[in-house]
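User: I have a structure open and a few things to ask about it. Can we go through them one at a time?

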Amino acid sequence: MIWLWLSAAFMATTALVHGALGEKRLIQPLLALNQGIMAVDLARKVFRFAWHAMSVLMLVSAASVIWPGTPRNLILLIGAAWTAVGLADGFYTRGRHIGWPILTASGVFAILGAAA
């Protein structure tokens with residue numbers, strides 16, 4: 001059970017950092033450019049919305065792995081998805097994106113918790 005709580009804690013922390021730092025370090029600077037696709041009002045709104053929607057979905061994942069009665073196979077699926085995304089991120093960015101180890105660990109912890 002501790003693995004599931006660790007997974008949820010890592011997922012929730014990732015969501016909060018993703019939302020806050022992403023807004024400050026990525027979204028605001030991109031929107032400040034106000035050129036190219038970022039000059040289109042709908043694109044600006046969708047970009048910000050999608051970024052923060054991802055953070056919400058991370059929180060839903062966190063809740064799902066610790067929710068009483070969540071099917072083991074669903075926890076395994078969530079864990080596998082987080083692990084795959086983390087490893088793909090690490091590979092794609094050649095380890096330069098700070099999030100890949102935490103994404104991967106969130107998934108591995110969920111898998112360990114489901115397997116226990």
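Analyst: Let's start with Asn-34, which is partly exposed, with a relative accessible area of 46%. Keep in mind that this is a predicted model.

User: Where is Asn-34 found?

Analyst: Asn-34 sits in the loop between H1 and H2.

User: And what is the phi of Asn-34?

Analyst: Phi of Asn-34 is near 50 degrees, which is a positive value in a residue other than glycine.

User: What about Arg-94, what is its phi?

Analyst: Arg-94 is not a glycine either, yet it has a positive phi of about 55 degrees. Arg-94 lies in the loop between helix H3 (72-92) and H4.

User: Is Arg-94 buried or exposed?

Analyst: Arg-94 has a relative accessible area of 71%. The cut-off for exposed is over 50%, so Arg-94 counts as exposed. Asn-34, at 46%, is partly exposed.

User: Switching to pockets. How much space lies in the largest pocket?

Analyst: About 480 Å³.

User: Which residues lie nearest the centre of the largest pocket?

Analyst: His-18, Trp-51, His-97, Ile-98 and Gly-99 lie nearest its centre, out of 17 residues that line the pocket.

User: Which helices supply at least two residues of that lining?

Analyst: Helix H1 (2-33), helix H2 (41-66) and helix H4 (100-115) each do. H1 gives the most, with 9 residues.

User: What is the lining like by class?

Analyst: The lining of the largest pocket has 10 nonpolar, 6 polar and 1 charged residues.

User: OK, now the outside. Which residues make the nonpolar surface patch?

Analyst: Met-1, Ile-2, Trp-3, Trp-5, Leu-6, Val-108 and Leu-112 make a nonpolar surface patch of about 670 Å². H1 and H4 are the elements that give two or more residues to the patch.

User: Which element has the largest share of the nonpolar patch?

Analyst: H1, with 4 residues.

User: One more on that patch. Where does Leu-112 lie, and what is its relative accessible area?

Analyst: Leu-112 lies in helix H4. Its relative accessible area is 38%, and Leu-112 is partly exposed. Patch residues need over 30% relative accessible area, so Leu-112 passes that cut-off at 38%.

User: Which of these helices should I keep in mind for both the pocket and the patch?

Analyst: H1 and H4. Each supplies at least two residues of the lining of the largest pocket, and each gives two or more residues to the nonpolar patch.

Note on methods:
Residues numbered from 1 in each chain as written. Predicted model: local features only at pLDDT ≥ 70, side-chain atom pairs only at ≥ 80, totals over all residues. Heavy atoms only, no water. 1 Å grid on protein atoms, 1.4 Å probe; cavity = no way out; pocket = protein on both sides within 12 Å on 5 of 7 lines; lining within 4 Å. Points joined across faces, edges and corners; volume = space filled by probe spheres on them. Nonpolar A, V, L, I, M, F, W, Y, C, P; charged D, E, K, R; others polar. Buried < 20%, exposed > 50% of the residue type's maximum accessible area, 1.4 Å probe, protein only. Patch = residues over 30% accessible without salt bridge, like charges linked within 9 Å, V, L, I, M, F, W, Y side chains within 5 Å. Areas by Shrake-Rupley, 256 points an atom, 1.4 Å probe, with all protein chains shown as cover. Salt bridge = Lys/Arg side-chain N within 4 Å of Asp/Glu carboxyl O.
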